[in-house]
Amino acid sequence: MKKSPSPTKLESPEFTAIYAMLLVGEKVMPSGYLLKEKQKAWQDWGLKSRVVTKKNLETHLDFAKAVSIQVLELAKSDGYIQLTALNRYTPTEGEGFWYPTPPAYMAAVEPEWRTIRTFFSGKSGRV
């Protein structure tokens with residue numbers, strides 16, 4: 001793999017961050033294969049709206065790929081990948097139990113967050 005470009009060489013770090021997120025989602029979500037289409041649409045939108053140029057689109061995509069590889073490596077060791085193997089929450093009716101409520105009656109989004117190594121920014125406003 002070629003050396004990643006410097007983030008300061010990117011016209012749009014935001015474009016790159018979103019593309020990296022789509023790459024990570026493709027790998028970690030069961031329906032991630034559906035994001036291939038979104039990745040292409042994001043590239044097309046970036047070019048059409050002139051957020052990135054044809055000349056440096058590959059630079060942005062390469063940086064996004066490098067970031068996604070680092071995120072996926074972290075996910076292997078922080079417990080996130082193992083979440084899908086854990087039992088899902090089964091609601092129990094009664095006082096003291098969480099139960100889905102209107103209007104969506106959604107299941108618990110991710111009840112096992114406690115099993116993941118957390119991270120935080122050392123300084124306010126910095127990631």
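## Overall composition

Buried residues account for 30% of the 127 residues in the chain. The structure is a predicted model. Its accessible surface amounts to about 9900 Å², and carbon and sulfur atoms contribute 59% of that area.

## Secondary structure and contacts

The chain contains three helices and zero strands. Read from the N terminus, the order of elements is α-α-α.

Contacts in the chain between residues at least 6 apart in sequence include a substantial long-range part: 59% of them join residues at least 24 apart.

## A buried serine in helix 3

Helix 3 spans residues 57-78, and Ser68 lies in this helix. The relative accessible area of Ser68 is 7%; because the limit for a buried residue is under 20%, Ser68 is classed as buried.

When residues up to four places away in sequence are left aside, Ser68 touches Ala20, Leu23 and Val24.

## A nonpolar surface patch

Tyr80, Ile81 and Trp113 together make a nonpolar surface patch of about 290 Å². Of these residues, Ile81 is located in the segment after helix 3.

Ile81 has a relative accessibility of 37% and therefore counts as partly exposed, a class that lies between the buried limit of 20% and the exposed limit of 50%. Ser68, within helix 3, is buried, whereas Ile81, in the segment after that helix, is partly exposed and belongs to the nonpolar patch.

Conventions: Residues numbered from 1 in each chain as written. Predicted model: local features only at pLDDT ≥ 70, side-chain atom pairs only at ≥ 80, totals over all residues. Heavy atoms only, no water. Patch = residues over 30% accessible without salt bridge, like charges linked within 9 Å, V, L, I, M, F, W, Y side chains within 5 Å. Areas by Shrake-Rupley, 256 points an atom, 1.4 Å probe, with all protein chains shown as cover. Salt bridge = Lys/Arg side-chain N within 4 Å of Asp/Glu carboxyl O. Helix = DSSP H or I, 4+ residues; strand = E, 2+ residues; numbered from the N terminus. Buried < 20%, exposed > 50% of the residue type's maximum accessible area, 1.4 Å probe, protein only. Contact = heavy atoms within 4.5 Å.
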